[in-house]
Every structure is written in C-alpha cells, then in structure tokens.
Amino acid sequence: MPQELLIQVTPETAANESLLKDHVGKLLKVANSEIQHITILKRSIDARQKAIKINLKLTVYMQGDVFQEQQIQLPDYPNVANEQEVIVVGAGPAGLFAALQLIELGLKPIVVERGKDVRGRRRDLKAINRDHLVNKDSNYCFGEGGAGTYSDGKLYTRSKKRGDVTRILELLVAYGATPDILVDAHPHIGTNKLPQIIQDIRDKIIECGGQVLFETRVTDILVKQNEIQGIVTQTGQTITANKLILATGHSARDIYELLGRKKIFIEAKPFALGVRAEHPQSLIDSIQYSCDYRGELLPPAPYSIVKQVGGRGMYSFCMCPGGVIAPCATSPGEVVTNGWSPSKRDQVTANSGIVIELKLEDFKPYAKFGALAGLEFQKSIEQKAWHLAGESQKVPAQKMIDFTKSKVSSEIPKTSYVPGTTSVELGQVFPGFLTQILREGFTEFGKSMKGYLTNDAILHAPESRTSSPVRIPRDAITYEHLQIKGLYPCGEGAGYAGGIISAAIDGEKCALMIGAILNKK
Ligand code: FAD
C-alpha cells in the first residue's frame, strides 16, 4: 500500500530526487531500491529557524504498489454554437472561467471585452511605460485576461473551500500552467507564462462555439420591466440575451456610473489604500531567511505583515518578490501602482502594496456622490498624485525613513517603476489620518522585521486599486442582482472576489447559478 508521509528536510534534499529517496528510505527503514516512486503532494518553506527547512507531504510507492502518473485532463466540453446564449462582460478570470463553465453546462457564452487580446495589449503597456500614454480600454487592468494577466500570478486565496480552489488550479494546469501550482503552499505563475494560458482558454471557448469579442466596450445595459434584455456596445451594436454575467473588474468606473445613472442598485464598499514599497530583494531575503545570501535553492523571499495602527489594519498586499512596480492607471490624469513578477521572480527588487483599511465614514467628504463616494475618494487621491508628480505617469515617491520623518527625500534612486518617480512628501498625497497611520505603521513594521524600515526602501504612491470601492448587490442564494432579473454581478468588480482564484471561482458559481435556473447540469 502507498504510504503518506509528512517530513521536514533541508532545501538540498527537497530539490534532489536521489537525496529525497535516501532520506525516505532511512525513515521507512527500507533500501532505496524498494522505493518505486515518490509523489510530492504539498510543499512549503519553514523559515522560522535559522536553518531553513522544507515541509513536504508525500506519497511513497514501494515496488509492487500500483502507481500511475496523474494526468490532468480538460473537461469534455460540448459544442455550444447553437445553444442558448449568455452574455459575459469582461474577459478577466471571472469572465473567462464563467464562459468555460457555461460551455460545460451546454450554454453559449458571448464574451464581450473592452480591451485588446492578450498580445495586442502589450503595445499599450509599452506606451504607458515609455510614452506616459494611457489607453482607457487597454492597459494593465483592461484587456484579455483582465487585471491579473500582467501580474505576479499569485494563486493563493483566503477561500476556505479547498475543493473550489483545487478545481481552478487543475484547470489552469490543464491549460498549460506548471503542475507545481498544485503542490506549492504559495503558488504563482508569473507574467511571462500567463498570456499563453489565457490565449489557450480563449481558443477553447471559440473552438466550442462560444464567441469572444475584443475592443468591444459595453456602454449600456438594456433592461425592460426589471429584466435584462441585452447590451449596447460603443459602436451602437446591440447584443440581446436575457442572462448577463457582469464581470467588469474593480476599475470599470464607467460601468458603476452607468448603473448609477440607470438607478440600478449599487452601494459604496470599503476598500484599502496606501503606497507600494520597494526594497532590494536581497534585504528581504536576509530578513526572512536570516542569512546574508539566499543561495540557489530557496526562492526569493516573500513577506506578509499586518499591524493594528490607530484602530485600523495596515497590511502588506499583493507582495511581489523579485518583481517590478507597474503603472496601472486606467484613465489619463491619474496615477496608480501595483506590481508584477516573472515566473522566476528574478528581478533585484521586491515590492508590496502597504495599505490601510478604509471605512465608509472616510468617504463623507464625497457623500454627494452616494454609492460612488468611495470611488470619488479613490479618484481624488490618484489625480492628486498625478498632479504632484508632474502630470505624467511618473509617481510621487519618498524614501521610507524620510517619509516617517516628513522629510522630502533629496533624491530618489532609480526604481523598477519604468515611467519614473518625482520626489514628493507623500503626506501631500493622502488625507492627514492616512498619512499619520502610514508613518506610525512603517515604524511598527520596522520593529517586527528588523531592517525593513530603511531609506533603501522607496515608497511609491498611491496603491489604490486593492478591491472594488462599489458593490453590485446580489441575492446570496441565486447570485442574481437584487433588483434586475437575469443580471449576475460577478467577480471583483461586483465586490464578491479579491484576486485571480476567487474571481475565477465566482465566475464559475455565477455560470452554475444560470445553469441551475435553466435546468442545465
Ligand atoms: P478583472 O480581471 O478586472 O477583469 C475585468 C475585465 O472586464 C477587464 O478585462 C476589463 O477590460 C473588462 N471590462 C471592464 N469594463 C468593461 C466594459 N464596459 N465593457 C467590456 N469589458 C469591460 N491577483 C492575484 O490573485 N494574484 C496576483 O498576483 C495579482 N497581481 C496583480 C497585479 C496587477 C498589476 C493587477 C492590476 C492586479 C493583480 N491582481 C492579482 C488582482 C487580480 O488581477 C484581480 O483580482 C482579478 O483579475 C479580478 O478578476 P475579475 O475577472 O473579477 O476582474
């Protein structure tokens, strides 16, 4: 019988099949030749001690045990070209996984995406980075694959439903992701690998008879007697259907404004906002691994930190080891930061959003905007940062210790943020209470992570698109909008997901709800 084992080994042993076999052989008191195969089920790093260990969960197959390499297969998708149509707005993880699930259920998705396909998007990313030009339909947030395409591709989530998470990870493997994501405690894909996976998902949708329309922005939603009739695009084209999955992400401000104008129920939602901090990766490695040099066997170290400061949570968000800070504005006249990493995470800097949880009462100065009050608060900070940094895609920046002392940095060294930085006292970007919390918080972080509080770290402002500032409320059981029949608010933009995996799970759930109502299984 195959045996399951939980063991702790050195990084050398974990990385070397023959050393691992020796180790397991000794543990089980058997000769190596008796071990047929070892499958790694789970892998995580334990960096609590100076001597770093790797935790492994294994299945050990002895000679004579039945061992079969696990092949992850794509589901058996039917052809849906002539089946009932469902409109899916947005080709982010929520929209794409909704479309795949609709096909599995025998329904035809029509995916409508304002941005370009994943390759065409690249030209627009270059234009933001090099020429400071923001295309409001094709950028780091908009386009095929959604906001997560040019990202670190972290695939962890706080979702408690492991079955749902495993299904999405397995689908990603079936579409070309490395099987390591099924094993690692903190899996990630990397910005260089994600585009091909996304393209393969799109090809499958089309092969099965679904439709994917790029450069097609939804400008109106057709509703009659509180029931969905279809959509209108920027060219005036009408697409009709009585089921609509709205998965437009947290940056589709025009969609929130449209819903507001049409008196379709939306509400303000708290989110988090702050800065993006960049440290030398070697410094983060030395803090996290308690060593001068990480070596070849350990990955660039991540970190995760949270403190209560001034009655609010201040925490690291979307940390990218060996990564780059990206310009994530979606309109001219604003600056926004976020981060990405290649699959090897081999850049020399580590960046992370460091954000503070906001409360609905923080949006009071914008109360006249009703449900859009948080959105206007967010916009005002992004626009102020744009103005302070010189009205281009440069961002305001400050050295970390200088920030805690309210001192303008005399110069900002080159950072990974390609459009460049302008030295600004970041207290000018944020309302006073946020500046105060950030100042205290960085001092607190420095106490927990010795070396973190340093002028070798550069703060870039703002990190403002952490989650949606608006919720599009839906029924907890049917997932249908509370007021509009046939409308399924979905993913991060509706306020029901945060991150690639949870958005993909939510996309599948919305599709399943539609399937249930249409008696499709
Ligand atoms: P989105 O991915 O935002 O997709 C929405 C789509 O709708 C977009 O493609 C948009 O173009 C389209 N759309 C919007 N309006 C319209 C319209 N009017 N008509 C037609 N189409 C429209 N999450 C992680 O889990 N791990 C990470 O490592 C990670 N890194 C990130 C790095 C960056 C740079 C960014 C920006 C985000 C990152 N995220 C990460 C967050 C993650 O990308 C999002 O949580 C996730 O993509 C949300 O999925 P979604 O499908 O709900 O929305």
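This is a short talk on one protein model and the ligand it holds.

Hi everyone, and thanks for coming. Please keep in mind throughout that we are looking at a predicted model.

Let's begin with the whole protein. Its fold is built from 13 helices and 22 strands. If you draw a box around the C-alpha atoms along the principal axes, that box comes to roughly 75 × 65 × 40 Å. How does the radius of gyration compare with that of a compact globule? For 521 residues, a compact globule would be near 24 Å, and the protein has 24 Å, so the two agree. As for the inside, 46% of the 521 residues are buried. Another way to look at the fold is to take the contacts between residues at least 6 apart in sequence: 71% of those join residues at least 24 apart.

Now for the domains. The domain assignment gives domain 1 as 3-62, domain 2 as 85-268 + 468-517, and domain 3 as 272-367 + 375-463. Notice that domain 2 is written as two stretches of chain, and so is domain 3. From domain 1 to domain 2, the distance between C-alpha centres is 40 Å.

Next, find the ligand on the screen. Where does the ligand lie with respect to domain 2 and domain 3? Both of these domains give residues to the shell around the ligand, so the ligand lies between them. The shell has 43 residues, and those that come nearest are Gly-90, Gly-92, Gly-146, Gly-249 and Gly-491. Several elements supply two or more residues each: helices H3 (93-104), H7 (253-261), H12 (491-494) and H13 (500-517), together with strand S16 (337-340). Sorted by character, the shell has 20 nonpolar residues, 16 polar ones and seven charged ones.

Let's move on to some strands. Strand S13, residues 306-309, runs antiparallel to strand S14, residues 312-320, and four bridges join them. If you want one pair to look for, Val-306 has Tyr-315 in S14 as its bridge partner. These two strands make a hairpin with two residues between them, and in the turn Gly-310 has a positive phi of about 55 degrees. S14 also pairs with strand S17, residues 349-357; they are antiparallel as well, with five bridges. There, Phe-317 stands opposite Gly-353 in S17.

While we are on S14, have a look at Cys-318, which lies in that strand. Its phi is near 55 degrees, a positive value in a residue that is not glycine. Is Cys-318 buried or exposed? It has 21 other C-beta atoms within 10 Å, so Cys-318 is buried.

Compare that with His-132, in the loop between helix H4 (121-131) and helix H5 (162-174). His-132 also has a positive phi without being a glycine, this time near 65 degrees. With 18 other C-beta atoms within 10 Å, though, His-132 is partly exposed.

One more backbone detail: the peptide bond between Ala-461 and Pro-462 is cis, with omega about -5 degrees. You will find Pro-462 in strand S20, residues 458-463.

I'd like to finish with two isoleucines. Ile-228 sits in strand S8, residues 227-233. It is buried, having 23 other C-beta atoms within 10 Å. Which residues is Ile-228 in contact with, leaving aside its neighbours within four places in sequence? They are Val-223, Asn-242, Lys-243, Leu-244, Ile-484, Lys-485, Gly-486 and Leu-487. One of these, Lys-243, is 15 residues away in sequence, and its C-alpha is 6.6 Å from that of Ile-228.

The other is Ile-45, in strand S2, residues 35-46. Ile-45 counts as buried because it has 20 C-beta neighbours inside 10 Å, and 20 is just where the cut-off for buried begins. Not counting residues up to four places away in sequence, Ile-45 touches Ile-52 and Ile-54. For a view across the model, take Val-395: it is 350 residues from Ile-45 along the chain, and their C-alpha atoms are separated by 35 Å.

If you remember one picture from today, let it be the ligand lying between domain 2 and domain 3. Thanks for listening!

Conventions: Residues are numbered from 1 along each chain as its sequence is written. This is a predicted model: local features need pLDDT of at least 70, side-chain atom pairs count only at pLDDT 80 or more; totals for chains, interfaces and linings use all residues. A residue is near a molecule or strand if its C-beta atom, placed from the backbone, lies within 6 Å of it. Ala, Val, Leu, Ile, Met, Phe, Trp, Tyr, Cys and Pro count as nonpolar, Asp, Glu, Lys and Arg as charged, and the others, Gly among them, as polar. Domain bounds come from an automatic or database domain assignment. The radius of gyration is taken over C-alpha atoms; the globule rule is 2.2 Å times the number of residues to the power 0.38. A residue is buried if 20 or more other C-beta atoms lie within 10 Å of its own, exposed if 12 or fewer, and partly exposed in between; C-beta atoms are placed from the backbone. Two residues are in contact if their C-beta atoms, placed from the backbone, lie within 7 Å. Two strands pair if DSSP finds at least two bridges between them.
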